[in-house]
Amino acid sequence: MDEKTQDERVRFAPANRPPLDPVRVGKAMDLNVHRIDDDHFRVYSSRNEYHVALRPYYECGCGDFVWRNHICKHLIAALLWDGDDEARTIADEILIGDE
Ligand SMILES: [Zn+2]
């Protein structure tokens with residue numbers, strides 16, 4: 001992958017997002033989400049809270065997103081609340097698999 005500036009690393013356009021990771025979707029389903037406005041969320045994990053943006057860029061302060069360039073579980077939690085088709089489809093498959 002090309003060298004990225006820090007700025008590009010922590011915010012990138014939704015259109016460029018990689019496929020969502022089903023393991024992270026499963027974890028995202030257990031997180032508490034507070035919607036601040038249409039595009040911004042506060043997502044709570046057991047120990048921390050993260051500010052997440054979906055538009056105009058994806059943003060989250062966690063290491064998974066900032067350093068490993070994954071769509072992290074916090075972003076996915078916000079996407080689930082936002083009604084994102086891919087996130088919902090994967091979450092539905094996980095729920096069906098649990099039955
Ligand atoms: Zn995150």
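This tour follows helix H4 through a predicted model. Residues are numbered from 1 along each chain as its sequence is written. In this predicted model, local features need pLDDT of at least 70 and side-chain atom pairs count only at pLDDT 80 or more, while totals for chains, interfaces and linings use all residues.

**Stop 1: helix H4.** Select residues 73-82. Helices are DSSP runs (H or I, at least four residues), and strands are too (E, at least two), numbered from the N terminus. Seven of the ten residues in H4 are buried (20 or more other C-beta atoms within 10 Å of a residue's own, C-beta atoms being placed from the backbone). Among them are Lys73, His74 and Leu75. After H4 comes Gly83, with a positive phi near 80°.

**Stop 2: helix H5.** Add residues 85-98. The two axes (lines fitted to C-alpha atoms over the stretch in contact) lie 8 Å apart, at an angle of about 95°. H4 and H5 are therefore roughly perpendicular (65 to 115 degrees, between N-to-C directions, on a scale from 0 to 180). Show Ile76, Leu79 and Leu80 of H4 against Ala87, Arg88 and Ala91 of H5. These are contacts (C-beta atoms, placed from the backbone, within 7 Å).

**Stop 3: the core.** The largest nonpolar core (buried Ala, Val, Leu, Ile, Met, Phe, Trp, Tyr and Cys joined through C-beta atoms within 7 Å) has 20 residues. Val25, Val52, Leu75, Ile76, Ala78 and Ala87 touch the most other members. H4 gives the largest share, five residues.

**Stop 4: Ala78.** Beyond neighbours within four places in sequence, Ala78 is in contact with Val33, Phe41, Val43, Val52 and Leu54.

Notes
Parallel < 35°, antiparallel > 145°, perpendicular 65-115°, else oblique. Contact = placed C-beta atoms within 7 Å. Buried ≥ 20, exposed ≤ 12 C-beta atoms within 10 Å, placed from the backbone.
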